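Please open the structure in your viewer, switch on side chains as sticks, and keep a distance tool at hand. The tour below proceeds by selections, each followed by a description of what is found there.

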Amino acid sequence: MSATPYPRPRADRPQEPTTKARAYSRRKQLSAEHGWLGRRRHDIRMAPTYGWRLMAGWIKTAIILGAAAAAFFSLYGIGTTVIDAARALPWSTPTSDDHTGLLATIDQPVRAYLASHTQALPLTVTTAYSTWQAVGVVAFLLGYLRNTAARLTWTAWGAATVTMVWIGTPEPGRQVAAGIAVLTWTALSLLALRGICFSRPVIVDVQVDVAAPEVHAEIHVPPQLATYRPYDPTQQPPSLN
């Protein structure tokens, strides 16, 4: 009885790499010095040395997106806190402490305007009114600190407030209420917009007459060196005696 030998693989036949070997080779190529991960590590390692100007573009994009997300969530949290604080203000609802009636002249038309224009919105009147208060307070404080964006917001807030007072006030006293709102907003703008100067800068034009330079062409010839003849013993120098 003869046994059939097990066929051995031929030496010249290339063996197919296994899945594990292919995955290991792929990971090694990615993590190599010139691989994708290697280049990313190099960019991160050299970012402090290069600075913002020469930093890799993907690092700049990640920093900008991260800063924008952090600013958004921070502003959202601050805005929510300010709105909640504005709801707790004692003058968020009509009170009898306003003896002059100036505050009610501005406050009640704004409240009436918001109540009539938020019926079709998921926003409640209380939230809209508190937002109006919070935006005004924050824009006023930051405008006092010379923040340009806050000053623009304060200007838009004042224009919107005057418009709401004009629309929300009945016809007999509409002009008076709008005038009081404008005067109040202008008086507060003395602090919110302090330091703004609309005068044109003075430009002093100084003209200095300078004589035109004169150009002279001169040719400088280097001095000729003395030429020496070869020594002649027949010619003697004159005697000094």
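What follows is a walk through a predicted model, with stops at charged pairs, aromatic rings and two individual residues.

**Stop 1: the salt bridges**

Which pairs of side chains should be selected to see the salt bridges, of which the count comes to three? Begin with Arg40 and Asp43, whose side chains meet in a salt bridge with an N to O distance of 3.6 Å. Both residues belong to helix 2 (residues 36-54), where they lie three residues apart, about one turn of the helix. An α-helix has 3.6 residues a turn, so residues three or four places apart point the same way. If you colour by accessibility, Arg40 will appear as buried, because its relative accessible area is 19% and the cut-off for buried is under 20%.

Next, select Asp107 and Arg111, which form a salt bridge whose closest N and O atoms are 3.5 Å apart. Here the two residues are four apart in helix 4 (residues 102-117), and so are separated by about one helical turn. Asp107 is buried, with a relative accessible area of 6%, whereas Arg111 is partly exposed at 22%. Keep Arg111 displayed for a later stop.

Then move to Glu171 and Arg174, a salt bridge in which the closest N and O atoms are 3.3 Å apart. Glu171 is partly exposed, with a relative accessible area of 47%.

**Stop 2: helix 5**

Select residues 125-144, which make up helix 5, a run of 20 residues that reaches 29 Å from its first C-alpha to its last, close to the 28 Å expected at 1.5 Å a residue. Which residues of helix 5 are buried? They are Thr127, Ala128, Tyr129, Ser130, Trp132, Gln133, Ala134, Gly136, Ala139 and Gly143. Continue just past the end of the helix to Arg146, where the backbone takes a positive phi of about 70°.

**Stop 3: the aromatic rings**

The structure holds four aromatic pairs, and two of them are visited here. In the pair of Tyr129 and Trp132, the ring centres are 5.6 Å apart and the planes stand at 35°, so the pair is tilted. These two residues are three apart in helix 5, which separates them by about one helical turn. Tyr129 is buried, with a relative accessible area of 3%, and Trp132 is likewise buried, at 13%.

The other pair to select is Trp154 and Trp157, whose ring centres are 5.2 Å apart and whose planes are at 20°, so that this pair is stacked. Trp154 and Trp157 are three residues apart in helix 6 (residues 148-168), again separated by about one helical turn. Trp154 is buried, with a relative accessible area of 2%, and Trp157 is buried at 18%. Now add Phe140 to the display, since Tyr129, Trp132, Phe140, Trp154 and Trp157 form one aromatic cluster.

**Stop 4: charges over rings**

Return to Arg111, which you left displayed, and look at its charged end: this sits over the ring of Tyr129, 4.2 Å from the ring centre. Arg111 thus takes part in the salt bridge with Asp107 and also faces a ring that belongs to the aromatic cluster. For another such arrangement, select Arg194 and Tyr144, where the charged end of Arg194 sits over the ring of Tyr144 at 4.2 Å from its centre.

**Stop 5: Arg151**

Select Arg151, whose place is in helix 6 and which is buried, with a relative accessible area of 12%. Which residues does Arg151 touch, not counting those up to four places away in sequence? They are Gly143, Arg146, Ala192, Leu193, Arg194 and Ile196. Among them, Arg146 is the residue with the positive phi just after helix 5, and Arg194 is the one whose charged end sits over Tyr144. If you draw a line between the C-alpha atoms of Arg151 and Phe140, which are 11 residues apart along the chain, the separation is 7.5 Å.

**Stop 6: Thr118**

Finish at Thr118, in the loop between helix 4 and helix 5, which is buried, with a relative accessible area of 8%. Its side chain reaches the backbone oxygen of Leu114 at 2.5 Å. Leaving aside neighbours within four places in sequence, Thr118 is in contact with Leu123, Val125 and Ala128, and Ala128 is one of the buried residues of helix 5 seen earlier.

Methods. Residues are numbered from 1 along each chain as its sequence is written. This is a predicted model: local features need pLDDT of at least 70, side-chain atom pairs count only at pLDDT 80 or more; totals for chains, interfaces and linings use all residues. Side-chain values use heavy atoms; hydrogens and water are left out. A salt bridge is a side-chain nitrogen of Lys or Arg within 4 Å of a carboxyl oxygen of Asp or Glu. Buried means under 20% relative accessible area, exposed over 50%, partly exposed in between (1.4 Å probe, protein chains only). The expected span of a helix is 1.5 Å times one less than its number of residues. Rings of Phe, Tyr and Trp (its six-membered ring) pair if their centres lie within 6.5 Å; planes under 30 degrees apart count as stacked, over 60 as edge-to-face and the rest as tilted. A charge sits over a ring if NZ of Lys or CZ of Arg is within 6 Å of the ring centre and within 35 degrees of the ring normal. Contact means heavy atoms within 4.5 Å. A polar contact is a pair of N or O atoms within 3.5 Å; within protein, one must be able to donate a hydrogen and the other to accept it, and residues adjacent in sequence count only if both atoms are side-chain atoms.
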